[in-house]
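Grab your viewer and work through a few short exercises. Try each one yourself before reading the solution.

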Amino acid sequence: MAKFLEYQGKEFFKQSKIPIPEGIVANTPEEAKAAVLKLARPVVVKAQVFAGGRGKAGGVKFAETPEQAGILAREILGMNIKGLKVKQVLVEEQLDIVQEFYAGIIINSAQDVRGPVLMFSPEGGMDIESVSQDKIAIMNVDVIKGLMPYDTLNLVASMGITGKPLRQIADIVFKLFKIFQKMDCRSLEINPLVLTTDGRVLAADCRMAVDDQALFRHPELGIKIGREFLKEPTEFDLIGWSFEASDFRGTSYVAEMATPEEVAQGGYVGYHGIGGGAAMIGMDALNRVGLKIADYADTSGNPTASKVYRTTKLIMSQPGIEAYFLAGFMMANQEQWHHAHGVVKALREELPKKPAGFPVVLLLCGNKEKESQEILKEGLADLDARIEIYDREYVYDATFIAGRVKALVDEYHEKSVS
Ligand code: GDP
Ligand code: MN
């Protein structure tokens, strides 16, 4: 899912006229100070990371003066919250809170629902999972009929909200649904939605996630990789993603794991796993013999030969790698000849560009194994490289196979020295 930071989500609220606190994003303590001068009132400084529970983790703090805000921003900008480095803070006007509510929408994929579900609770602020069921109003939206303003009025009223706040909140939940629909969200949440002493209702927080499969409808979001990808994509990563973006048959997951400068230090392998778990096994085994992976690649889910070909070519394009390793540590029920064809075509094109004796270790087994082995052996027979090909006999032997990669890498080194 494509996740958004709190301040990014709040921009959508602003456009749809859901009230939000006045706020300014800061990248440095100095910018945080300047933000307070501009807002000219007490503020809350909030860590901007793709994680909930920032309050409990110390990522939400209150400041009365620009100096205080600067100090807090320095503290928060250095923090790690749930393994994520804080790079920005949101400096917002402090609110005088009377009550905190929860409002959220998710897609329920269960067979009998398969649609958006509206949730409202008068007990906001905390994790919605820890709120007791009788305090959460739930409504499935009929996507054919659509949502009517009276639906959200009924939903909010069912939790005992009356008077002006009832109309304010129902209006916000209605607008929230409109954003959810327009942006193809998987989830959209305001926690807390707050009522202030001066009678305003505002979204004090926002969590928003857009469906990866719908990103093509939202080029305006500028999202480069439509899947969970927690680092800044490199050129290598973007090329890898282009195989997926244009072809949904099977999967190819590709990520650059070391910079070209690191790879140039030596000991790096072009890595190609088949299936998530198997790819992990191969990677661990390589690490145990003292080798590192330049990239992480995984082709599975019955990929086409063209997808495997493009992935293999990309792996082989990395300068400085000292081997290519196809780690098929699984008895795949996908037809493995697609892998065999793709790998052979890519290696036939790429190996001539590498020095003679370049190490290649291939483990491939599963459905159509015999044919696949023949394709590999015949297809690569005449190439000037050091190629070893293994089958199902070795599917449990990660340590041995990784040892072979290591032996070939050492041999390759000796040759290039002499
Ligand atoms: P989360 O912990 O990551 O969900 O971060 P939130 O944005 O929800 O902030 C955590 C809590 O801080 C909220 O539930 C509020 O109780 C409190 N909080 C956030 N903003 C304000 C504010 O402007 N004024 C006050 N008084 N409390 C706030
Ligand atoms: Mn929150």
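Below are three exercises on this predicted model, each with a worked solution.

**Exercise 1.** Find which residues coordinate the manganese ion (ligand 2).

*Solution.* Start at the ion: its donors are Asn191 (O) and Asp205 (OD), at 2.1 to 2.2 Å. Next, place them in the fold. Asn191 sits in strand β11 (residues 185–196), while Asp205 is in the loop between β12 (201–203) and β13 (207–210), so the pair ties together parts that are 14 residues apart in sequence. Finally, check accessibility: Asn191 is buried, and Asp205 is too.

**Exercise 2.** Work out the volume of the largest pocket and which residues lie closest to its centre.

*Solution.* The volume first: the largest pocket holds about 1200 Å³ of space. Its lining has 48 residues, and those closest to the centre are Gly53, Arg54, Gly125, Asn191 and Asp205. Two of those names should ring a bell, since Asn191 and Asp205 coordinate the manganese ion. Now look at the strands: among those supplying at least two lining residues each are β1 (2–4), β3 (43–47), β8 (97–108) and β11.

**Exercise 3.** Decide whether Tyr150 is buried, partly exposed or exposed, and say which surface patch includes Tyr150.

*Solution.* Locate Tyr150 in helix α4 (residues 149–157). Its relative accessibility is 48%, so Tyr150 counts as partly exposed; the exposed class needs over 50%. Then look at its partners: Met148, Tyr150 and Leu153 make a nonpolar surface patch of about 260 Å².

Conventions:
Residues numbered from 1 in each chain as written. Chains lettered and ligands numbered in written order. Predicted model: local features only at pLDDT ≥ 70, side-chain atom pairs only at ≥ 80, totals over all residues. Heavy atoms only, no water. Donors = N, O, S within 2.8 Å, 3.2 Å for Na, K, Ca; no water. Helix = DSSP H or I, 4+ residues; strand = E, 2+ residues; numbered from the N terminus. Buried < 20%, exposed > 50% of the residue type's maximum accessible area, 1.4 Å probe, protein only. Patch = residues over 30% accessible without salt bridge, like charges linked within 9 Å, V, L, I, M, F, W, Y side chains within 5 Å. Areas by Shrake-Rupley, 256 points an atom, 1.4 Å probe, with all protein chains shown as cover. Salt bridge = Lys/Arg side-chain N within 4 Å of Asp/Glu carboxyl O. 1 Å grid on protein atoms, 1.4 Å probe; cavity = no way out; pocket = protein on both sides within 12 Å on 5 of 7 lines; lining within 4 Å. Points joined across faces, edges and corners; volume = space filled by probe spheres on them.
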